[in-house]
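User: I am new to this structure and would like to go through part of its strand arrangement step by step. Please show it to me before we start.

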Amino acid sequence: MHGLKPFPPMSNLAFRQREVRQLARACDRAALATAYGHCSVRLDEDSFLVCASKPMGLISPQDEGTIVTLDASLPDGVLGEVRMHREVYRLRSDVNAIVRFISPNITALAALGRTPRARHGFGAYFAPEAPMWRNPELVRNDAAAAGVARALGSASGIVVSVNGAVVAGANAAQALALAVFLEDSARVELASLHAGCEGHRELTNEQCRTRATWAGRVAERMWDYWTQGDPEYIS
């Protein structure tokens, strides 16, 4: 994995700081966020590191993220919706990286009360469809954040009403890939609706299980592509 190697112990805070900055800037390059959005990586079973509270594309190599403890209130200066990260990490020991983003196709599809279905390869990662948290208010209290985490369940991503989405990966590269996949799945869903093909072809459950693979450096190639040229890129 070019931009992610050598892979150090999870306790290496300097590495994690660089990783979360790269993840944030990659989300911006992939047009997943403008002024809004945030990302994080797990540090250990009790804490995670969230990116600086500024537009992800403006995060510099000097900007440090903030450590958030799972069983405590959010630290001062951390954005309110980071509660969703905390609640997902609490419920999902398999999740080590999260991206919260607001992208155009996800938002447009959500405005129709819909989420992407498994109509192409990227959609298979969210089969049969991504769940939706239907409350249109921003998720800025603990009860709502816990509700989003429960609604996510074991899925890879959730649409947060008309306020974008949250994806959860086993590592930073997977989280980035899932964010890109979910936005592209929304693009395909909107195109299908526009073409009048709403009830037409979807991948079967078996096809989705086979297609939703991380073998063949699927996540790593996405990471390499969107971090190429990053000021902290490692070749």
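User: How many residues lie between β1 and β2 in the hairpin that they form?

Analyst: This is a predicted model, in which local features need pLDDT of at least 70, side-chain atom pairs count only at pLDDT 80 or more, and totals for chains, interfaces and linings use all residues. Residues are numbered from 1 along each chain as its sequence is written, and side-chain values use heavy atoms, with hydrogens and water left out. Strands (E, at least two residues) are DSSP runs numbered from the N terminus, and two of them pair if DSSP finds at least two bridges between them. β1 and β2 (residues 47-50) run antiparallel and are joined by four bridges, and the hairpin they form has a connection of two residues.

User: Which residue of β4 is the bridge partner of Cys-39?

Analyst: Strand β1, residues 38-44, also pairs with β4 in the antiparallel sense, over four bridges. Within this pairing His-38 stands opposite Arg-100, while the partner of Cys-39 is Val-99.

User: Which residue in β7 stands opposite Val-99?

Analyst: β4 pairs with strand β7, which spans residues 165-169, in the antiparallel sense over five bridges. In β7, the residue opposite Val-99 is Val-167.

User: Why is β4 largely enclosed by the rest of the structure?

Analyst: Buried means under 20% relative accessible area, exposed over 50%, and partly exposed in between, with a 1.4 Å probe and protein chains only. Ala-97, Val-99 and Phe-101 on one side of β4 are buried, as are Ile-98 and Arg-100 on the other. β4 (residues 97-101) is largely enclosed because the number of its residues that are buried is five of the five.
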